[in-house]
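I'm opening a fresh notebook page for this one. The plan is to look at how the parts touch each other, one boundary at a time.

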Amino acid sequence: MNVVVCLKQTPSTTAVFKVNDGVVSWDDPGGKPQVLNPWDEYSVEEAIRVTEKHGGKEAIALTMGDEGAVESLRTALAMGCSQAVLISDPAFAGSDTLGTARVLAAAIQQQPEVQLVIFGKQAIDGDTGQVPVQVARKLGWTPLTFVTEISAISDGAITVTRLLENGKQTVTTPLPVVISVVKEINEPRYPSFMGIRKANKATIPTLTAADLAVNGGTGAAASKVDWSNISTLPVREGNVFMIEGATVEEQARLLADKLFEEKVI
Amino acid sequence: MSGVWVWLEHQDSLMAAISKETISAARQVANNLGQPLTALLFGQDVAGVAAAAFDLGVDAVIGADDPVLATFRVSAAAPLVVDLIKERQPAVFLAGHTSTGRDLTAWLAADLDAGLVSDAIQLAVDGDRVVVTRPVYAGKLLGNIRITEGLQLITLRSRAFPAAEATGQTGTAEWLTVSLDEADVPEKLIAFAGRDGGVNLSDAKIIVSGGRGVGGPEGFAPVQALADVLGGAMGASRAAVDAGWVPYDHQVGQTGKTVSPDLYIACGISGAIQHQAGMRTAKTIVAINKDADAPIFKLAHYGVVGDLFKILPALTEEFRQRLGK
């Protein structure tokens, strides 16, 4: 059995955003403007662990994006994924989550012997978390979201624990499945020096629209969700009211007064 | 296409808080569109939830009562909803941005080739389209997003909308005849471990959170004490969770939970952008930190610079007296 992990390259959390006419651009003067989506560090780690612990053979990293997105694949290779594939075509640009899911599903179907696909819970740019279940539907596989533990993969079935609002649910499902994982599942390893060298030397193949049998619409023309109107937040800096007093009891009294006035207690 | 539908969540035959909020948001949308509001209710022994939905003002309830639907499993419920939507063609479908609502709407979007917008904090109506406002890019920007054609699937952030109020209205639900076979559902439930006490962070009106500044697991005791006296939930920053001081399900922030309480009290939390992403839609934010330059003070409405181990007990005592606890 091989495992696919689907990644996204996202703006770094410290990126500085600009909005022009509803369209977003960003830069990160102090660091890398683009990083591997933080949630995906956990999915990459889990894919590698499945090959180490549960008898998976290859851990294959996939991402759809422009040529720059290859950097997130190199991070996955450096951590220990055995293969990486970039899916890139101008025809895919501007896809909504469903268009993205169609492309990813087509690419997953090309990988041999895959029984398990792992996603991070969501990506920190759009923060929608819609793609894992949509990919599962396009593949006809069972989705299992918000996974905190893979406890067993055996006899053609997987047992996982999921983090829900009111507690943790343990579920067994026949393979193949698509799962999304949350932070609790593991502690991602740091890429080793050897891993980084290997990743930098690796040749990463690119799949284009011509290579994939995508079923259904993709790209901006097929998108049903209009994201063109993004705005900046109303600025709230500089108006904190500092609670000062001679004693902590006085501070506590003043703060309590304010919070009762605000009717939040 | 006509009609606004809401998906109802429930536990122990009681409607979930998020669903009361979804009904109130959906009522506004339905009124603005001039269309009826229908609730969708799947489960086992949920007649009481149907009655509650009518009381909260929905015009109709479509229900399915079956043991296979007792605990939500997307593979059991979603195909039924897909069929219902194809048959009755609602214009808008609203659900909570919860594990259930997220799984269900993503499934519906894929199977119905429909647009989906997640985690709305505000809704407006423009013609026959719903304009969804939601935070994007770690909460640094706001998206005003619309679905350009066909069915509009939308999930709502917990506590972003007021709960619907009782109207005294009654009604008769339409109960579907479903013939479900447990053997057809791939997800088999093996165990469920309920959260050990406390309020669900997403539903909490008040959250008191601790960060690196609490210094260790025992440092969370005064944080919990203040949360308890206020009837709130305890949260934590990533630093505190990664250090192993509190379990992950308390984590607020980018790789934890996104919360919108009325009151958020950040204790010993510097307020990194990752933390802000999870709590900046709180209505009132209080920061308690010994470092006057901590970034959290730029976001906070009220700030106290000082030792949290002195300030928290004083605050807890103050509220204990005022609230008569």
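**Entry 1: inside chain B.** I started with the two domains of chain B and counted nine residues of domain 1 in contact with 14 residues of domain 2. A reminder to myself: this is a predicted model. The domain assignment puts domain 1 at 4-184 and domain 2 at 201-322. Their centres, taken over C-alpha atoms, are 32 Å apart.

**Entry 2: area between the domains.** I looked up the buried area next, and domain 1 and domain 2 of chain B bury about 910 Å² between them. Carbon and sulfur atoms carry 51% of that. Which residues of domain 1 lose the most area to domain 2? I found A138(B), R157(B) and R159(B), which together make up 62% of what the domain 1 side buries.

**Entry 3: charges between the domains.** One salt bridge turned up across this boundary. R159(B) pairs with D262(B), and their closest N and O atoms are 2.7 Å apart. So R159(B) gets two mentions on my page, since a salt bridge needs a Lys or Arg nitrogen within 4 Å of a carboxyl oxygen and R159(B) is also on the area list. I also noted four residue pairs in polar contact between the two domains. Sorted by class, the domain 1 side has four nonpolar, two polar and three charged residues.

**Entry 4: chain B against chain A.** Then I moved on to the boundary between the chains. Here 85 residues of chain B are in contact with 80 residues of chain A. The two chains bury about 7200 Å² between them, with 58% of it on carbon and sulfur atoms. On the chain B side, Y137(B), Y248(B) and Y302(B) supply 10% of the buried area, more than any other three residues.

**Entry 5: polar links between the chains.** How many salt bridges are there between chain B and chain A? I get six. One I looked up is D257(A) with R322(B), where the closest N and O atoms sit 2.8 Å apart. The polar contacts across this interface come to 39 residue pairs. Helix α4 of chain B, residues 99-112, gives the largest share of the chain B side, eight residues. That side divides into 42 nonpolar, 22 polar and 21 charged residues.

**Entry 6: strands across the chains.** Last, I checked strand pairing. Strand β11 of chain A (residues 167-174) and strand β13 of chain B (residues 188-194) run antiparallel and are joined by six bridges. In this pairing I found G167(A) opposite G194(B).

Terms used: Residues are numbered from 1 along each chain as its sequence is written. Chains are lettered from A and ligands numbered from 1 in the order in which they are written. This is a predicted model: local features need pLDDT of at least 70, side-chain atom pairs count only at pLDDT 80 or more; totals for chains, interfaces and linings use all residues. Side-chain values use heavy atoms; hydrogens and water are left out. Contact means heavy atoms within 4.5 Å. Buried area is the accessible area (1.4 Å probe) that two parts lose on being put together, summed over both. A salt bridge is a side-chain nitrogen of Lys or Arg within 4 Å of a carboxyl oxygen of Asp or Glu. A polar contact is a pair of N or O atoms within 3.5 Å; within protein, one must be able to donate a hydrogen and the other to accept it, and residues adjacent in sequence count only if both atoms are side-chain atoms. Helices (H or I, at least four residues) and strands (E, at least two) are DSSP runs, numbered from the N terminus. Ala, Val, Leu, Ile, Met, Phe, Trp, Tyr, Cys and Pro count as nonpolar, Asp, Glu, Lys and Arg as charged, and the others, Gly among them, as polar. Two strands pair if DSSP finds at least two bridges between them. Domain bounds come from an automatic or database domain assignment.
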